[in-house]
Amino acid sequence: DSLLQEMENKENTVEAVEAAVEKAEKMKVDNSGQTEEGSEKVEFKVVFNKKKYDISFGLDDNIGALKVHLAEIINVPNTMQKVMFKGLAKDEMSLRQVGVVKGSKVMVVGSTLSDVLEVAKKPTVQQLKEAAQEEAVKEAWAEQKLHKKVLDKGKPEDAMPGLKNMKESLPSVPLSGMLNKAGGKVRLTFKMELDQVWLGTKERTEKLPMNSIKNVVSEAITGQEEYHIMALQLGPTEASRYFIYWVPAQYVDSIKEAVMGKWQLF
């Protein structure tokens, strides 16, 4: 009996092994087919910081996966990258959907972790206290002589309509109809694909890298809260603030996010 049982067990084991081998072979075939089909590679160039990188990546992999792949190559965390190809490429789209073909040039913008940490150095508790005290004793911007001089000229005729207590995304056209402290016309153009803000006046256009703007602060104009006075801080102190008047209130948060958004992680 025991001999018969042992033989049956051996037979069962052999059958089990054969079945496992057959399953593995089948999976291998399936996977090889899938690999053949699912990872059709495409060779293209990635341009980052004026350097070109030769990349080979799956056509049906998405932009999010490409960012992870690029993180070590260009030393920029995937969450800090923007991939540009015929406009901003969304994470969930595949390279095929975006239209990448052999030899395409794909632009990546973003800041390295060391850049981010440098900008994100936090002020001390004492500095924060002092800043809060200073802010408390200051009168509203709209009441200060420097700003009143500009505001007293009245709202520009071509000012964009303002809406208070609203938040809207930045429009596709430049923000125009605003003034600088000299009373000259100002327009803001957000070039997200270049990581720049273009500050345009009658005389010239300043192309400011986003990470050169240390802070963006604003205050509603007293009595006309649908518009704000906004300051772009271009240097380490308040003395280096560039003031812009008659900024429509509904775009204020979107401007702050566009410029400072990437640092909010820290």
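1. Val 46 stands opposite Val 106 in strand 4, and this is a good place to start reading the predicted model. Strand 1 and strand 4 pair in the parallel sense, with three bridges between them. Two strands count as paired here if DSSP finds at least two bridges between them. Helices (H or I, at least four residues) and strands (E, at least two) are DSSP runs, numbered from the N terminus.

2. A word on the ground rules: residues are numbered from 1 along each chain as its sequence is written, and side-chain values use heavy atoms, leaving out hydrogens and water. As this is a predicted model, local features need pLDDT of at least 70 and side-chain atom pairs count only at pLDDT 80 or more, while totals for chains, interfaces and linings use all residues.

3. On its other pairing, strand 1 (residues 41-48) runs antiparallel to strand 2, and eight bridges join the two. If you would like to trace the register, Glu 43 has Ser 56 as its bridge partner in strand 2, and Lys 41 has Gly 58. The two strands form a hairpin with two residues between them, and Asn 49 in that turn has a positive phi of about 55 degrees.

4. How are these strands ordered in their sheet? The sheet is open, has four strands in the order 2-1-4-3, and its pairing is mixed. Strand 2 (51-58) and strand 3 (82-84) are the edge strands, each pairing on one side only. Neighbouring strands of this sheet are turned by 35 degrees against each other on average, direction ignored.

5. Helix 2 (residues 63-74) lies across strand 1, strand 2, strand 3 and strand 4 (105-109), and runs at about 135 degrees to strand 2. For such angles, axes are lines fitted to C-alpha atoms, for helices over the stretch in contact, and values run from 0 to 180 degrees between N-to-C directions.

6. Ser 94 deserves a look in your viewer. This residue sits in the loop between strand 3 and helix 3 (95-98), yet Ser 94 is buried, with a relative accessible area of 9%. Buried means under 20% relative accessible area, exposed over 50%, and partly exposed in between (1.4 Å probe, protein chains only). Leaving aside neighbours within four places in sequence, Ser 94 is in contact (heavy atoms within 4.5 Å) with Leu 59, Asp 60, Asp 61 and Asn 62.

7. Further along the chain, why is strand 5 described as largely enclosed by the rest of the structure? Five of its six residues are buried, so strand 5 is largely enclosed. Strand 5 is joined to strand 6 by three bridges, running antiparallel, with Met 178 opposite Val 186 in strand 6. Strands 5 and 6 form a hairpin with four residues between them, where Gly 183 in the turn has a positive phi of about 85 degrees. Strand 5 also pairs with strand 11 in the antiparallel sense over two bridges, and Leu 179 stands opposite Tyr 245 there.

8. Helix 7 (residues 252-260) has Val 252, Ser 254, Ile 255, Ala 258, Val 259 and Met 260 as its buried residues. Their cover includes strand 5 (175-180), strand 6 (185-191) and strand 11 (241-248).

9. Finally, the whole chain: it has seven helices and 11 strands, and buried residues make up 35% of its 266 residues. Among contacts with a separation of 6 or more, 53% are between residues 24 or more positions apart.
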